[in-house]
Amino acid sequence: MWGYYDPNGKRIVLDAGISGLRAVEVVIHELTHALYHLKSVNPRWGEEKTVTAFGLGWAHLLRDNPKLLLWIIAHILKTNKTEVLT
Ligand SMILES: [Zn+2]
């Protein structure tokens, strides 16, 4: 486990040892957990409604935290282009 979302504290905790594309993947993963909780996504909604909720959540999250995009870009630029995550 490289990180987790704490729904009570509304915070994301990352392993200090991760970097590059893995760090980007973990931040996106944990922020998606945050959106899942904040948007009260229901597993029974079906694909379109679920994807719409995540799309709206991501749009608002990035609008309200534009430096997140800069952080992602900085980490992507430091990434080995042949790195494949599993
Ligand atoms: Zn997870």
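Ser40 sits in the loop that links helix H1 (20–38) to H2, and in this predicted model that residue has a phi near 50 degrees, a positive value in a residue other than glycine. The secondary structure of the protein amounts to 3 helices and 2 strands, which follow one another along the sequence in the pattern β-β-α-α-α. The points below go through the overall dimensions, the hairpin, the residues with positive phi, and the way in which the helices meet.

**Overall dimensions and burial**

- Taken along the principal axes, the box filled by the C-alpha atoms of the protein is roughly 40 × 30 × 25 Å.
- Of the 86 residues in the protein, 2% are buried, a status that requires 20 or more other C-beta atoms within 10 Å of a residue's own.
- When contacts are restricted to residues at least 6 apart in sequence, 43% of those in the protein join residues that are at least 24 apart.

**The β-hairpin**

- Strand S1 (residues 3–6) and strand S2 (residues 11–14) run antiparallel and are joined by 4 bridges.
- Across this pairing, Gly3 stands opposite Leu14 in S2, while Asp6 stands opposite Arg11 in S2.
- The two strands S1 and S2 form a hairpin in which 4 residues lie between them, and the turn includes Lys10 with its positive phi of about 50 degrees.
- As general background, the side chains of a regular strand alternate between the two faces of the sheet.

**Residues with positive phi**

- Most residues other than glycine have a negative phi, which is the background against which the next two entries may be read.
- Lys10, which is placed in the loop between S1 and S2, has a phi near 50 degrees, a positive value in a residue other than glycine; with 10 C-beta neighbours inside 10 Å, Lys10 counts as exposed, because the exposed class covers residues with 12 or fewer.
- Ser40, in the loop between H1 and H2, is likewise exposed, since 8 other C-beta atoms lie within 10 Å of its own.

**Helix H2**

- Helix H2 (residues 47–64) has 18 residues, which at 1.5 Å a residue should span 26 Å, and this agrees with the 26 Å that separates its end C-alpha atoms; the expected span is 1.5 Å times one less than the number of residues.
- The number of buried residues among the 18 of H2 is 0, so this helix lies largely in the open.
- Glu48 belongs to helix H2 and is exposed, because 8 other C-beta atoms lie within 10 Å.
- Between Glu48 and Leu21 there are 28 Å in space, C-alpha to C-alpha, at a sequence separation of 27 residues.

**H1 against H2**

- H1 and H2 pack with their axes 10 Å apart and at an angle of about 115 degrees; the two helices are therefore roughly perpendicular to each other, a class that takes in angles from 65 to 115 degrees.
- H1 passes H2 in a right-handed crossing, and the contact is made by Leu31, Thr32, Leu35 and Leu38 on the H1 side and by Phe54, Gly57, Trp58 and Leu61 on the H2 side.
- Leu31, a residue of helix H1, is partly exposed, with 19 other C-beta atoms within 10 Å, where 20 or more would make a residue buried.
- Leaving aside residues up to four places away in sequence, Leu31 touches Ile12 and Leu61; Leu31 and Leu61 are 30 residues apart in sequence, and their C-alpha atoms are 9.0 Å apart in space.

**H1 against H3**

- The axes of H1 and helix H3 (residues 66–77) come within 7 Å and cross at roughly 150 degrees; H1 and H3 are therefore roughly antiparallel to each other, as angles over 145 degrees are assigned to that class.
- The crossing of H1 and H3 is left-handed, and the residues that make the contact are Gly20, Leu21, Ala23 and Val24 of H1 together with Ile72, His75 and Ile76 of H3.

Terms used
Residues are numbered from 1 along each chain as its sequence is written. This is a predicted model: local features need pLDDT of at least 70, side-chain atom pairs count only at pLDDT 80 or more; totals for chains, interfaces and linings use all residues. Two strands pair if DSSP finds at least two bridges between them. Two residues are in contact if their C-beta atoms, placed from the backbone, lie within 7 Å. Axes are lines fitted to C-alpha atoms, for helices over the stretch in contact, and angles run from 0 to 180 degrees between N-to-C directions. Angles under 35 degrees count as roughly parallel, over 145 as roughly antiparallel, 65 to 115 as roughly perpendicular and the rest as oblique. A crossing is left-handed if the near helix is turned anticlockwise from the far one by less than a right angle, and right-handed if clockwise.
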